[in-house]
Amino acid sequence: MQRPILIHPDPRLKKVVAPVPDLSDELRVLADDMLETMYGAPGIGLAAPQIGVMTSLIVLDCAKGTDEAAAPRPLAMFNPQIVAQSDETSVYEEGCLSIPEIFADVERPAEVTVEWMDPNGNAQRETFDGLWATCVQHEIDHLNGKLFIDYLKPLKRQMITRKMVKLKKERAREAG
């Protein structure tokens with residue numbers, strides 16, 4: 001089931017989430033809903049706070065972002081943690097489903113190693129680079145109440161926030 005995506009500014013997008021103590025069928029359904037919501041948006045990553053659920057869960061699939069012919073590779077990560085990162089950095093133009101139609105260059109570590117629990121409760125560990133590294137860092141930031149625009153200069157961030165306030169008002173009028 002697709003769920004509505006929160007649009008910045010929303011106080012829930014700035015909160016740090018609680019870790020998942022135990023996996024449940026309800027959380028597995030949440031992961032499936034989040035993947036469906038992400039693909040439907042369309043996007044390559046989504047964090048639980050973006051749909052108003054304050055739990056440590058992200059989903060991502062960057063396969064299409066790197067190769068149109070690539071098979072989907074959906075990942076659902078519970079309690080993801082970056083355990084290592086490269087000194088080398090890379091810059092990617094980032095966007096966010098909670099900040100529609102806004103893109104900006106963000107510099108992040110080029111490679112990160114992430115540990116997480118998969119939907120079956122198994123511990124996973126993988127090193128990501130390229131678009132995958134950027135995306136997983138972007139989504140983990142959401143779990144810590146941080147948005148990609150927080151990496152930008154204050155004036156640019158304020159301009160984007162004003163645009164989002166206007167967009168939310170327009171959407172409310174259209175819905176009303």
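Where does Pro42 lie? In this predicted model, Pro42 is found in the loop between H1 and E1. The bond that leads into this residue stands out. Ala41 and Pro42 are joined by a cis peptide bond, with omega at about -10 degrees. A cis bond is also present between His8 and Pro9, where omega is near -5 degrees. Pro9 belongs to the segment before H1.

Helix H1 spans residues 25-40. Its 16 residues reach 22 Å from the first C-alpha to the last. That span is close to the 22 Å expected at 1.5 Å a residue. The helix has a buried set made up of Leu27, Leu30, Ala31, Asp33, Met34, Leu35, Thr37 and Met38. What covers these residues? The cover of the buried residues of H1 includes three strands: E1 (45-47), E2 (57-60) and E3 (75-85).

Strand E3 also holds a backbone feature. Asn79 lies in E3. The phi of Asn79 is positive, near 55 degrees, in a residue other than glycine. Strand E5 offers a further case, as Glu101 lies there. Phi of Glu101 is near 65 degrees, again positive in a residue other than glycine. Is Glu101 buried or exposed? Glu101 counts as exposed because its relative accessibility is 72%, and the cut-off for exposed is over 50%.

The next topic is strand pairing. E4 and E5 run antiparallel and are joined by 7 bridges. Within this pair, Tyr92 has Val106 in E5 as its bridge partner. The two strands form a hairpin, with 2 residues between them. Strands E6 (residues 111-117) and E7 (residues 123-129) pair in the antiparallel sense, over 7 bridges. Here Trp116 stands opposite Gln124 in E7. The hairpin of E6 and E7 has 5 residues between the strands. In that hairpin, Gly121 takes a positive phi near 85 degrees.

Helix H3 covers residues 130-143. It has 14 residues and reaches 21 Å from its first C-alpha to its last. The expected value at 1.5 Å a residue is 20 Å, so the two are close. How many residues of H3 are buried? The count is 13 of the 14, so H3 is largely enclosed by the rest of the structure. Gly145 follows H3, and its phi is positive, near 75 degrees.

H3 also takes part in the largest pocket. About 450 Å³ of space lies in this pocket. Its lining is made of 24 residues. Of these, Gly43, Ile44, Gly95, Cys96 and Leu97 lie nearest the centre. Strand E4 (89-96), strand E5 (99-109) and helix H3 each supply at least two residues of the lining. Which element gives the largest share of the lining? That element is H3, with 6 residues.

Gln50 is a residue with contacts to distant parts of the sequence. It lies in the loop between E1 and E2. Gln50 counts as buried because its relative accessibility is 1%, and the cut-off for buried is under 20%. With neighbours within four places in sequence left aside, Gln50 is in contact with Pro4, Ile5, Leu6, Leu13, Cys96, Leu97, Ser98, Glu139 and His142. Two of these names, Cys96 and Leu97, also appear among the residues nearest the centre of the largest pocket. Pro4 is 46 residues away from Gln50 along the chain. The C-alpha atoms of Gln50 and Pro4 are separated by 8.5 Å.

The last topic is the cysteines. How many disulfides are there? The count comes to 0. Why is Cys62 not bonded to Cys135? The closest cysteine sulfur to that of Cys62 is in Cys135, at 3.6 Å. A disulfide needs the two sulfur atoms within 2.5 Å, so 3.6 Å is too far for a bond. Cys135 is likewise in no disulfide, and its nearest cysteine sulfur is that of Cys62. Both residues are buried: Cys62 has 0% relative accessibility, and Cys135 has 5%.

Technical notes:
Residues numbered from 1 in each chain as written. Predicted model: local features only at pLDDT ≥ 70, side-chain atom pairs only at ≥ 80, totals over all residues. Heavy atoms only, no water. Buried < 20%, exposed > 50% of the residue type's maximum accessible area, 1.4 Å probe, protein only. Pairing = 2+ DSSP bridges. Helix = DSSP H or I, 4+ residues; strand = E, 2+ residues; numbered from the N terminus. Contact = heavy atoms within 4.5 Å. 1 Å grid on protein atoms, 1.4 Å probe; cavity = no way out; pocket = protein on both sides within 12 Å on 5 of 7 lines; lining within 4 Å. Points joined across faces, edges and corners; volume = space filled by probe spheres on them.
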